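I opened my notebook to record what I looked up in this structure. The entries follow in the order in which I made them.

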Amino acid sequence: MSKLFRAVILGPPGSGKGTISERVASSFGLQHLSSGDFLRENIAAKTEAGVLAKTYIEKGALVPDHVMTRLMLPRLEEMTRHSWLLDGFPRTLAQAEALNSACELDVVISLNIPLETLKERLRHRWIHPASGRVYNMCFNPPRVQGVDDISGEPLIQHEDDKPEALVARLRHYKDVAKPVIDLYRAKGILHMFSDTETDRIWPYVSSLLSAKIPTDLADAQRATTH
Ligand SMILES: Nc1nc2c(ncn2[C@@H]2O[C@H](COP(=O)(O)OP(=O)(O)O)[C@@H](O)[C@H]2O)c(=O)[nH]1
Ligand SMILES: Nc1ccn([C@@H]2O[C@H](COP(=O)(O)OP(=O)(O)O)[C@@H](O)[C@H]2O)c(=O)n1
């Protein structure tokens, strides 16, 4: 079997990690693992970690490292036979170090998006909680306002996308992300993309991954996901 491919996407809330991850998953057949979606599933299922995490997320704070790693590392262990793209984890240096000891990454994609752009996007972000599908009332609106395209169920706005929690999240992100970015830069696997539009970043991400992902792996992954 060819070598599996492991990637991480880093970026502040609203930078387009989820949007780009979906495109990577459908173009390259990698499994998209969103720590935010996984947290929300745990919150909905009222698991021990979910109940604990909820209190932090509502305040716009980060979930503590030990809770995140205890949640994510077992999830990754279930994926040892798959190539994946991890979105939202690691968020801190301690999480990056825990991930390092669990697996070896091939590529880290880092999204560098201006603050004003992030604030504007998150104000307009609505999600379908059951599936994690993300809409933007301007960039990517649902066909019918306020309603999920597939299920017809109502869309909601995350507590942490509301203005009270938003500014605290963006400020905190910057402080904790820097050492994570520095770590991956030092390892020589960091690829940084700067722009205000996902559609302008995507061609560069796509050509990076085309060059890095072995063709036979991409074909095999696609065959198993379609
Ligand atoms: N206007 C605009 N909105 C975008 C763009 N890319 C993503 N979005 C929207 O911005 C919001 C945040 O994107 P998301 O992928 O959820 O970011 P994440 O928080 O980093 O995972 C969502 O509502 C997206 O639909 C873009 O290039 N322009
Ligand atoms: N590694 C992580 C990932 C998410 N989270 C929390 O979960 C929330 C939702 O994560 P997300 O990845 O869906 O959203 P964004 O913060 O990227 O918009 C974050 O705002 C954090 O409060 C965390 O604390 N630590």
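Which side chain has an N or O atom 2.8 Å from an oxygen atom of ligand 1? I found that it is the side chain of R125.

I noted that this is a predicted model, in which local features need pLDDT of at least 70 and side-chain atom pairs count only at pLDDT 80 or more, while totals for chains, interfaces and linings use all residues. Residues are numbered from 1 along each chain as its sequence is written, and side-chain values use heavy atoms, with hydrogens and water left out.

**Ligand 1.** I listed the residues around ligand 1 (those with a heavy atom within 4 Å of it): of 16, the nearest are G14, G18, T19, R125 and T198. A backbone N or O atom of G14 lies 2.8 Å from an oxygen atom of the ligand. For T198, I recorded a polar side-chain atom 2.5 Å from a nitrogen atom of ligand 1. On its own, ligand 1 has 580 Å² of accessible area (Shrake-Rupley method, 1.4 Å probe), and the protein covers 91% of this.

**Helix 8.** I then turned to helix 8, residues 198-212 (a DSSP run of H or I, at least four residues). Its buried residues (under 20% relative accessible area, 1.4 Å probe, protein chains only) are T198, I201, W202, V205, S206, L208 and L209. They lie on the same side of helix 8, because they cover an arc of only 165° around the axis (taken from the directions from the axis to the C-beta atoms). The face turned away carries Y204 and A211, which are exposed (over 50%).

Technical notes:
Chains are lettered from A and ligands numbered from 1 in the order in which they are written. Helices (H or I, at least four residues) and strands (E, at least two) are DSSP runs, numbered from the N terminus. A polar contact is a pair of N or O atoms within 3.5 Å; within protein, one must be able to donate a hydrogen and the other to accept it, and residues adjacent in sequence count only if both atoms are side-chain atoms.
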